[in-house]
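Work through the exercises below with the model open. Try each task before reading its solution.

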Amino acid sequence: MAVPKVAAIHDISGLGRCSLTAAIPILSVCGVQAIPLPTAVLSNQTAFDSYEKVDLSLHLPRITEEWGKRGLEIQGIFTGYLSEEKQVQFVEDFIDKFCKPDTLVLVDPVLGDDGSFYKGFGESMLAAMKRLCHRADVITPNFTEALMLLGQGQNLPQEQQLEKAKEAALSLTKLGPKTVVVTGVHHQGRIWNVGYSVQKQQWFTQSSPQIGGGYSGTGDILSSVICGCMVRGESAEKALQRAVELLEAALNETVQDGSEPKEGIVFEHYLHLLME
Ligand code: PXL
């Protein structure tokens, strides 16, 4: 079988095990060719005290014009951290140019976490990202991002979060995606991920024990697994199950290691779990 290709449009951060440093190995082990399009190069992800960033907005259309000349055909488009708001328009144009009826478009609407925006993002990026979600088949917001996209407040008692996430997953399908997975929902000592499938008209959930604090890049790992598994033909439910298995195993080792949470989780030892 030919190896499917996915254009992976995210930043590349040296430290943090997020975005392209997660997406490329995960897509590869899923048997999918990653075609990376870095939105920016960073020394490290932005939760560290400081970071150096080189924005690549100007280069993106020039790079993809070359891909057009090569007659590139792709089976998936996977977007995550966009470095500037104007990159949303670029991604919309990219979808217009490269998307065929069977191309899977997965948008991870990277905006914030723990109730706040990531550094450098605000309301205008939120509006742009919401527009992009209209073009997606699958979106994978974390709980904070899901509520931001719905224009809803973030202050909710923990015991109500799981119900709220189910409601949010269903509501977000009204933006257009056929599958929505809301990630990182804290409930009764576990972290839940709640999906809704329009085709099956049903929710699906996966959870794992809440261990350690918050680690960088777990959402990016989850969305990368969903992308790789769905592009190779698995259901969203199966893909989510695989993602949570990988995260749980990697988190266990990371917590035992005592490594720096901002450097992300030790997923390298568990990539084999994604092999078919
Ligand atoms: O994990 C999301 C993410 C991706 N890329 C960069 C980030 C973050 C979250 O902080 O800073 C550069």
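**Exercise 1. The ligand site**

Task: Find which side chains have an N or O atom in polar contact with the ligand, starting with Thr46.

Solution. Step 1: a polar contact is a pair of N or O atoms within 3.5 Å; within protein, one must be able to donate a hydrogen and the other to accept it, and residues adjacent in sequence count only if both atoms are side-chain atoms. Step 2: an N or O atom in the Thr46 side chain lies 2.7 Å from an oxygen atom of the ligand. Step 3: for the side chain of Asp220, the distance to a ligand oxygen is 3.0 Å. Step 4: Asp11 faces a nitrogen atom of the ligand, at 2.8 Å from an N or O atom of its side chain. Step 5: list the surroundings, where near means a heavy atom within 4 Å. The residues around the ligand include Ser13, Cys18, Tyr81 and Tyr118.

This is a predicted model, in which local features need pLDDT of at least 70, side-chain atom pairs count only at pLDDT 80 or more, and totals for chains, interfaces and linings use all residues. Residues are numbered from 1 along each chain as its sequence is written, and side-chain values use heavy atoms, with hydrogens and water left out.

**Exercise 2. The helix that holds Asp220**

Task: Decide whether H7 is enclosed or open, and test its length.

Solution. Step 1: helices (H or I, at least four residues) and strands (E, at least two) are DSSP runs, numbered from the N terminus. H7 covers residues 218–231. Step 2: apply the burial classes: buried under 20% relative accessible area, exposed over 50%, partly exposed in between (1.4 Å probe, protein chains only). In H7, 12 of the 14 residues are buried, so the helix is largely enclosed by the rest of the structure. Asp220 is among them, as are Leu222 and Cys227. Step 3: the expected span is 1.5 Å times one less than the number of residues. That gives 20 Å for H7, and its end C-alpha atoms are 20 Å apart, which agrees. Step 4: look past the end. Gly233 follows H7 with a positive phi, near 110°.

**Exercise 3. The sheet**

Task: Give the strand order, then trace the pairing around S9.

Solution. Step 1: two strands pair if DSSP finds at least two bridges between them. Step 2: the open sheet has 9 strands in the order S3-S2-S1-S4-S5-S8-S9-S10-S11, with mixed pairing. S3 (53–55) and S11 (202–209) are the edge strands, each pairing on one side only. Step 3: S8 and S9 run parallel over 2 bridges, with Val138 opposite Thr179. Step 4: S9 and S10 are antiparallel over 7 bridges. There His186 has Ile191 as its bridge partner. Step 5: the S9–S10 hairpin has 2 residues between the strands, and Gln188 takes a positive phi near 45°. Step 6: 7 of the 9 residues of S9 are buried, so this strand is largely enclosed by the rest of the structure.

**Exercise 4. Asn193**

Task: Where is Asn193 found, and what does its side chain reach?

Solution. Step 1: Asn193 is found in strand S10. Step 2: its relative accessibility is 5%, so Asn193 counts as buried. Step 3: its side chain reaches the backbone nitrogen of Gly184 at 3.2 Å. Step 4: count contacts as heavy atoms within 4.5 Å. Leaving out residues up to four places away in sequence, Asn193 touches residues including Val182, Phe204 and Leu222. Leu222 is one of the buried residues of H7.
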